[in-house]
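Student: I'm new to this one and I'd like a slow, close look at a single part. Could you pick one helix and show me what sits around it?

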Amino acid sequence: MTDFPLLTALVIVPALGSLIVTLLPKQRPEIVRAFGFIAMMATAALAGYLVYAFEIQQPESLRDSFQFVEDHSWINNLGVRYILGVDGISLFMVALTGLLFPLSLFASAKVEHRLKSYIASMLLLEAGIMGVFLALDLILFFAFWEVMLVPMYFIIVGWGHERRVYAAVKFFLYTMAGSAVMFVGILAVALLHNSSVGSLTFDLRVLQEWNGLAEGTARWLFLAFFISFAIKVPLFPFHTWLPDAHVEAPTAGSVILAGVLLKMGTYGFLRFSLTLFPQASVDLAWVMLVLATIGIIYGAIVATVQKDMKKLVAYSSVAHLGFVILGIFALTSQGIQGGIFTMISHGLTTGALFLIIGMMYERRHTRDIAAFGGVWKVAPRLGGFMLVAALASVGLPGFSGFVGEFLALVGAFLSNRPYAIVSAVGVILASVYLLWMYQRVFTGEPEGENRTIADLTWREMATLVPLLGLSLFLGVYPKPVLERVEPSVKALITHVEQRSDWCESDKVDPDDPEACVPGDRFETAPETSPEAEGEGGSESEENEPVGAEEGGG
Amino acid sequence: MNLLETSWLIPALPLLGAVTLLFFGGRFLKEPLAGMLATACMAGSFGWTAVLFFKMWSLDPEQRTVGKHLFDWMPAGGLKISASLLLDPLSITFLLFITGVATLIHVYAIGYMHGDPRFSRFFCYLNLFAFSMIILVLGGNFLVTFLGWEGVGTCSYLLISFWFERPSAATAGKKAFITNRVGDFGFMIAVFLIISHLGTLEYWGPGNALEGASTLTNGAATGIALMLFLACTGKSAQFPLHVWLPDAMEGPTPVSALIHAATMVTSGIFLIARAHPFFEASGQASHVVAWVGVGTALLAATIAMVKNDIKRVLAYSTLSQLGYMFMALGIHAYSTAIFHVVTHAFFKACLFLGAGSVIHGMHDEQDMRRMGNLRKYMPITYATFMVAWLAIAGVPPFSGFWSKDDILAKAWFQGTTEGKALWAIGLLTAMLTAFYMTRQVVMVFFGHERFDLPVIAGGSDDGPSGARAHGADGTSAGAEPQDDHGPTGSGHGRRKLPHESPWIMTVPLVLLAGLSLVGGVINLPFKDKGWGEALTHWLEPVFEGVTHPEEKGSTLVGLAAVTVVLCAVLVGAAFAVYRHMTTTRDPFVTKLGPAAAVLDSGYGVDAAYAALTVGAGGRAAEVLAGPVDQGSIDGAVNGIGELLRSGLGTGGSRLQSGYVRRYAVGILTGSVGLVVFAVIKAW
């Protein structure tokens, strides 16, 4: 099994599936559907095996943290290689992708219009997303990043709601604008590396080891990547495409969009921004924290007055993803682990919320909050599942959302106390918008059409149980995820510490004499810090930033 | 193996009940089986608690603290948060009365919820609540406590809005949840502070957080203590987060008795008792606790004097009694506070269940102005209510006398002006308590029958709650549980006469009344006797190092005499005023004039919050969502797009779809080509 290209298979299976679906007979929708489902389940099985086979070990360096690496030469004269690899940061994004696709296809039972194209698009989208999370070559990454845009665009345009064209075009152009800038950034990094070291490569593992960017250049390049990722996350104030896209997309599109697509942005920050531009990331972390905090509060407040359920959940995503960014740019191991955990958790709970809203749309053909009322009485299972999903999304302890938000906030509190305190207010607000929506939609006496709303079918419950069950399981026992994520996060933080004036333990435990000597501090004791305040580095700095003067231009 | 390590069985049983009812309730487990199953789980939990209690009793004091590590919950970086339990004298004291009172209330609820279409769901929630409450108390670190803390909040939400068809019930549930979340913000910040200063959240084991509290700077300890207290003001409904508790009376009465009187609302007292080293290390924080407590006690007592809804009077009374407990915590009299928690659980549960029995017997009437002389119709309810009334009014030798008097004495013996002031306000509150409770008892059980009289606005009005109780909004038909209730429309038609409740409801009442009578024995103030101050001695290992000023026996008796005499005067006054009440006009409230309206509105706190959140907050949110988000931010995005389009000179109409679509196809073909190329090259 060791020689089996598992990661390539994760990309190829859905991609080939997509190709084969287009060749299947149009007249036999059940075959098309079954085949699509099989392809997605096969991918899910591969992803599951990947989680199972992933080894928990502390890597020597960031480079070593990748497992199942496949490295082949590709376009030799341009230095582009075909490199796939997985570490603790991408592992669960792959798993989440594998889980959400079959579920959202399962939930698309009502889609009959141009079914073949629909399933082909979904499979292609899955292949693209898998590629994004696995690629370790910048050009390869960019290719997948762009590939995945196209089927998403078609899913919104082809199977969306009234204003789908507007929403899809906006989504497409906005993201394209961002990725164009990122492409320039990718080229610049590689070319600067080439002119300094003399070898042209897009290999992330090589580029992140190289530390020859001048400070100013690094900041500009950070910004180039930032725009692309910030739009994708979406970070305030780049978020306005999201409510439109969510509202117009079909249910499956919304689930995938919120569940995994947004995480490509936060993943990008972790995988590229922090590793390629550590000093710039440290210097500009405050910008990220400010935007994240605004996003948390702003998204929640705006969500409270939404009239459309999908829009409400879309704005709640802005708030949740704010927690992710807050955790990541807290630059502490709790913060980053919390951020990654929130990425997973948000995929589960928001996925469930969108699925339920989709089920309600199928029944009433509206998502208008005011059009509903008293649904719990006539459809107790629907009400029950929505309540559990809402509470899980609120971040109630016992559900995964709590673990993620809690760790992200702890991490931020240790390094940047004021942001964490303000962001914690978002925890209150989350209960305001979701419970208010719940009250208006589900409680009271049902009237009119609401009196005859059908309760959930077994099939519908079967799509929700895995998501909410996992959220509950990971809320009670998050260790299986955390222990796989942690080694990579530690390696990432050490990487940043070695290449910047950042010192995590300086924030977390200033008394630790071994502070900032990589390797040693992994064994040292828990955080006991009297005061974890203040900005910037300290005297106990062991690793001077290997700042290089060349580069630029 | 140490028997005390099996403490996990205590929460496991109600959890088992809840899960079973969740999956099989309604379809397979109908009434009354669902109720019996839930009750059996609860009784088993109580039984096991009792077994562990006697086992612990037999051990030496230093062996009575047993922690149990279940599994690693959140291992992240240097922070290792475990799922652990801690069984010690403090937690088992709480567990005993929680599981015990909960069992009785489960039994009662089988009768009370008879005929409700969601009978099994009710017991599922009730068991889930008990599970969460046990976890809260049994938690071995702050985060496990927080898990229970949020769990009870959620169950409270579910149970307050159990009859969710009534908009008022749904609103009340949401209000409770959100108000509690405000307090939870404090809990979270406190936890973050503890992590950042001490690096651990554990209550037990080497280097635990409670031991570490004494190493903190005063500022840090005060910050942590005040943040924890903020959490307590939410859960235990203290000013300024008290507003949710009166509304929580929308829930079925067993819920009010269990959650909003006996158990959940005392979580705050438990939390401060558990985290008392932080308060001890701070000093200042305790003053805040004492003053907020005694302030809430006084405010709530004044409001209770004018309320007419039988349950709302008790709700304000609960606020007031909780205020006493916080006052005790604030003067470092931790075991005294817990003493009052226990006796209060007995007599307040008895009062609430009695009120439920009255409501049941009166066919869903909750307005005391339309009651009277019920002792003739409901002798058992009457007798038990009397016992609980004497207990809360502070009449010796009923349990409430001992615990309340202990708190007042502890305040007096502080020896400071502050202590005397707290004592004086506490005494005033005790007198008011005697008055409003007597008012309730006389209006309900004595005097003239006023069952069919129309309500005359007598200066005070319970506002929307009065209307709700009669089902005037037309929604109660499906919402009310009793299948035997007659026409509930108020003011017209002769209603059925009140009747006594079935045995399944009166037996728990009798047991609770018995406990209200004798509950004081657990901590009688006779130091020289071997059995005196039993609870204080029992809790000594927990509150090690907390000292109290010397108490003089003769002064103690004198203080008690003053309290008893003054309270007796107020009891007599209330009797005199209400005994001859023949109409629904309240003679006392009418005399208060405009002051009654102020009291009835709860000093306008609710209205102020509504103006702030719904009014100003709502408008701000509208502005953010409208002009800011859609107008400015999205407008800028679209504007830039528009600008680029005209700048590039491409035909506007083509951009709408065709252009992008072609571009998308272009990317697709290009990318597919690249992928194919990659595959070929890689092979």
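Tutor: Let's follow one helix from its ends to its neighbours and then step back to the wider picture.

Keep in mind that this is a predicted model. Our helix is H14 of chain A, which covers residues 333–364.

Begin just before it. The loop between helix H13 (309–328) and H14 of chain A holds A:Leu331. A:Leu331 isn't a glycine, yet its phi is positive, at about 60 degrees. Most residues other than glycine have a negative phi. Is A:Leu331 buried or exposed? It has 29 other C-beta atoms within 10 Å, so it is buried.

Now jump to the other end. A:His365 sits in the loop between H14 and helix H15 (375–378) of chain A. Here again is a residue other than glycine with a positive phi, this time about 55 degrees. The surroundings of A:His365 contain 9 other C-beta atoms within 10 Å, so this residue is exposed. So take the two loops together: A:Leu331 is buried, whereas A:His365 is exposed.

Next, go inside the helix and stop at A:Thr349, one of the residues of H14. How many other C-beta atoms lie within 10 Å of A:Thr349? There are 30 of them, and because 20 or more is enough for a residue to count as buried, A:Thr349 is buried. What does A:Thr349 touch, if you skip its neighbours within four places in sequence? The list is A:Ala389, A:Ala392, A:Ser393, A:Gly401 and A:Ser471. For a sense of distance, try A:Arg417, which is 68 residues from A:Thr349 along the chain: their C-alpha atoms are 28 Å apart.

One of those contacts, A:Ser471, leads us to a partner helix, because A:Ser471 belongs to the H19(A) side where H14(A) and H19(A) meet. The axes of H14(A) and H19(A) lie 9 Å apart, and the packing angle is about 155 degrees. That makes the two helices H14(A) and H19(A) roughly antiparallel. As for the handedness, the crossing of H14(A) past H19(A) is left-handed. On the H14(A) side you'll find A:Ser345, A:Leu348, A:Thr349, A:Gly351, A:Ala352, A:Leu355, A:Ile356 and A:Met359. They meet A:Glu460, A:Thr463, A:Leu464, A:Leu467, A:Leu468, A:Leu470, A:Ser471 and A:Leu474 of H19(A). Sorted by class, this contact has ten nonpolar, five polar and one charged residues.

H19(A) has another partner to look at. Helix H3 (residues 88–106) of chain A packs with H19 (residues 458–476) of chain A at about 155 degrees, and their axes are 9 Å apart. H3(A) and H19(A) are therefore roughly antiparallel to each other. Their crossing is left-handed. Here A:Leu99, A:Leu103 and A:Phe106 come from H3(A), while A:Thr463, A:Pro466 and A:Leu467 come from H19(A). By class that gives five nonpolar residues, one polar and no charged. If you compare the lists, A:Thr463 and A:Leu467 turn up in the contact with H14(A) and in the contact with H3(A).

While we're in chain A, one loop deserves a stop. The loop between helix H9 (215–232) and helix H10 (241–248) contains A:Pro234, and A:Pro237 lies in the loop between H9 and H10 as well. The bond between A:Val233 and A:Pro234 is a cis peptide bond, with omega about -10 degrees. From A:Phe236 to A:Pro237 the peptide bond is cis too, with omega near 0 degrees. Most peptide bonds are trans.

Finally, zoom out. Where chain A meets chain B, 68 residues of chain A and 57 residues of chain B take part. Helix H18 (residues 417–442) of chain A gives the most to the chain A side, with eleven residues. That side divides into 45 nonpolar, 16 polar and seven charged residues.

Over in chain B there are 28 helices and two strands, and 59% of its 683 residues are buried. The largest nonpolar core has 456 residues, and B:Leu228 and B:Ala349 touch the most other members. Helix H15 (residues 334–361) of chain B gives the most to this core, with 17 residues. Beyond its neighbours within four places in sequence, B:Leu228 has contacts that include B:Phe187, B:Leu271 and B:Phe278.

Definitions and conventions: Residues are numbered from 1 along each chain as its sequence is written. Chains are lettered from A and ligands numbered from 1 in the order in which they are written. This is a predicted model: local features need pLDDT of at least 70, side-chain atom pairs count only at pLDDT 80 or more; totals for chains, interfaces and linings use all residues. Two residues are in contact if their C-beta atoms, placed from the backbone, lie within 7 Å. Helices (H or I, at least four residues) and strands (E, at least two) are DSSP runs, numbered from the N terminus. Ala, Val, Leu, Ile, Met, Phe, Trp, Tyr, Cys and Pro count as nonpolar, Asp, Glu, Lys and Arg as charged, and the others, Gly among them, as polar. Axes are lines fitted to C-alpha atoms, for helices over the stretch in contact, and angles run from 0 to 180 degrees between N-to-C directions. Angles under 35 degrees count as roughly parallel, over 145 as roughly antiparallel, 65 to 115 as roughly perpendicular and the rest as oblique. A crossing is left-handed if the near helix is turned anticlockwise from the far one by less than a right angle, and right-handed if clockwise. A residue is buried if 20 or more other C-beta atoms lie within 10 Å of its own, exposed if 12 or fewer, and partly exposed in between; C-beta atoms are placed from the backbone. A nonpolar core is a set of buried Ala, Val, Leu, Ile, Met, Phe, Trp, Tyr and Cys residues joined through C-beta atoms within 7 Å.
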